[in-house]
Amino acid sequence: MFRLSELLRYERVVIQCHDNPDADAISSAFGIRAYLSGNGKESKIIYSGVERIKKRNIKNMVEWLNIPLEHVKNPGGFPAPELLVCVDCQYGEGNITKIKADAVAVIDHHLQVIGDGEFDLGAIQSQLGSCATLVWDLLSEEGFDFKANKDVSAALYYGLLTDTNDFSEINHPLDKDMRDELQQYCDMGLIKRLRLCNLTIDELEIAGVALLRNYTDFDKRYAIFKSEYCDPNILGFISDIALQVDTVDVCAVYSLRENGARLSVRSCSREVMASELAEYITDGVGSGGGHRDKAGGWLQKDGIEDAGMNVDEYVKGKIAEYYDSFDVITASSHDIDVAAMKRYRKRPIPKGFVVSTDAFPEGAPLMIRTLDGDSEVKASPDIYLMIGVQGEVHPIKADKFGAYYRLCGEPVNIDDDIYTPTVKNEATGEIKELLPLMKSCVSYTDAPVFAAPLERGVKIFSDWNPNGYIRGKAGDFLVLKCDDIHDVYTLRRDIFLETYEEI
Ligand SMILES: [Mn+2]
C-alpha cells in the first residue's frame, strides 16, 4: 500500500477508469482528483474504449456531482502523463485501454492479476466490496474532509452501494465503516434518484433472458441462472426475482467476465446461509461472502481452469457438492444411535467465561465472533460466554453453566496467538476484548457425553436458536450429553481431544 501523499510528487497526473466505467470506478477517480486539487495539483479523469457511457444513472451521477470525466477516443494519440492512476482495474488488463505513461499507480479491489513489476505504486485489496472503500481509506489517512466535500462523499457512497447490490453483499468491516460515515454527509435524495434509474431496457432484457435459462433442482429447491455479461447490480436484481419463485429457496446467478465470473447468491432456506454457500463456491478460486440471505462473490478463471473445468460446470458442481456435504440434525427430535458411540468426560481443565452483562448492559444485542461464524444473543445475567482453550467463544445459559461448571480461582491457559476473543455490541458498534473480563471455572467431571467423529458435515438446529445452526465438518466430533441426548453440539477435533478423555 502507498499513501496518497506520494502522488503529490508528480505533475501531469491522469486518473483512468476502466472502459465503460461504473459508479465505483468513477467515484474512486473523483475522490483522488479531489485530494490532488485540494493540494494544488491539477489532474484529469478519463476513460477510453469504443463505448461511451450509456447508462442513465452513471450519466446523472457525472452530471449531478460535477465530475469532470472525459472520454478518450484515440488512446494512441493521448500525451503520456507523468503518472497514470488506474482505478477499479489493473494496468494492461483486458477491461482497460492501455495508455502510455512514465509511471503507473494501481488502486483496485479485484484479485491481483498483474505482476508487481508492472506498476510503480499499488494499493490492491481484493477483500473490499468496492474500490471506493479503498479510496475512502486512503483519503481518511490523509485527513480528507468528507463533510466539506459532499459530492465526493455521495460519489464514494454510491460507488459502494452499486458494487455491493445496495449494500446487501457487503462483507468487510471497512466497507461498513465507510457506509456509516458517509451516509451522514451525502444527499440521500440524490442517492435515491440515482437508484431509480438503474436499469436500461437492454439490461431488463438480459435479466429476462437469464431468468429463462435456469437449472432447477426441485428436490433440493435451488436454482442456478447464467446471465450475459452485465453490471453486478443486474445479477442482484435477477436473483431477487428468482428467489420469489415458489419452488426456489436458494439461488445463484453468475455472469462471465474476461477473467472469471461474478456471482450473486440468495437464500430464504433455514438450512443454507447465502454467505456460507458463496464462500463454499468461491473457496480457493476467488472470494465470496455477505449475509445470511444475500451474498456475492468472484470466481477467478485461472483457478477453475486449473481444476480442468469451465465456470458453468464448476458452479453447478460446487453447489451440488455443497448440498451433499452436510446432514441436518434437529436437536429436539434426532434419532442418533448413541449405543454405537463411546463415552467421554471432560478433563478438569480450567476454562474461562464471561458473564455477558460484565461486557455490556443487559438487553444489548451482542454479536459473538466464533470460529465458525457469527452468533447473536442479548446480554443478560442469564447468558454466560464460555471461552475455550483456543479462544473460541460460545454462549451458554446460566442454569446449564451451573449444572456443568463450578467456579475456580486457577488461571486459564488460552492460546490467543491466532485469535483474540471479542464481543461486539451491535447497537453501538463497540467491541470489547473478552480476556480482561474473564473468570475461571472447571467442569464437574461427572457430566459424561457420547461422542464420535463426524464422517461428513452437519448442521444442528435447536429450539433455542430458531434462525441459526451449529456447523460441524467431517473430522469434528459430534457430542451429546449422556443425561440429555437432545443437548447436541459439535467440537473441533483438536479441541475435543484436548478437553475430553474416554471413560
Ligand atoms: Mn468495483
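Two residues count as being in contact here when they have heavy atoms within 4.5 Å of each other. Keep that cut-off in mind as we walk through this predicted model.

Start with the overall layout. The domain assignment splits the chain into domain 1 (4-195), domain 2 (201-324) and domain 3 (338-502). Let's look at how domain 1 and domain 2 meet. Their centres, taken over C-alpha atoms, sit 27 Å apart. By the contact cut-off, 14 residues of domain 1 touch 22 residues of domain 2.

How much area do domain 1 and domain 2 bury between them? It comes to about 1,300 Å², with 41% of that on carbon and sulfur atoms. As for specific interactions, four salt bridges turn up across the interface of domain 1 and domain 2. On the domain 1 side, the residues that touch domain 2 break down into four nonpolar, six polar and four charged. There are also six residue pairs in polar contact between domain 1 and domain 2, counting pairs with both residues at pLDDT 80 or more. If you want a salt bridge to pull up in your viewer, try glutamate 169 and arginine 266, whose side chains meet at 3.2 Å, N to O.

Now for the metal. The manganese ion has Asp24 (OD), Asp88 (OD), His109 (NE2) and Asp163 (OD) as its protein donors, at 2.1 to 2.4 Å. Along the chain, these donors are spaced as D-x63-D-x20-H-x53-D. Aspartate 88 sits in the loop between strand S4 (83-87) and strand S5 (103-108), while histidine 109 is in the loop between S5 and strand S6 (121-124), so this pair ties together parts that are 21 residues apart in sequence.

Key:
Residues are numbered from 1 along each chain as its sequence is written. This is a predicted model: local features need pLDDT of at least 70, side-chain atom pairs count only at pLDDT 80 or more; totals for chains, interfaces and linings use all residues. Side-chain values use heavy atoms; hydrogens and water are left out. Domain bounds come from an automatic or database domain assignment. Buried area is the accessible area (1.4 Å probe) that two parts lose on being put together, summed over both. A polar contact is a pair of N or O atoms within 3.5 Å; within protein, one must be able to donate a hydrogen and the other to accept it, and residues adjacent in sequence count only if both atoms are side-chain atoms. Ala, Val, Leu, Ile, Met, Phe, Trp, Tyr, Cys and Pro count as nonpolar, Asp, Glu, Lys and Arg as charged, and the others, Gly among them, as polar. Donors are N, O and S atoms within 2.8 Å of the metal (3.2 Å for Na, K and Ca); water is not among the atoms, so sites may look incomplete. Helices (H or I, at least four residues) and strands (E, at least two) are DSSP runs, numbered from the N terminus.
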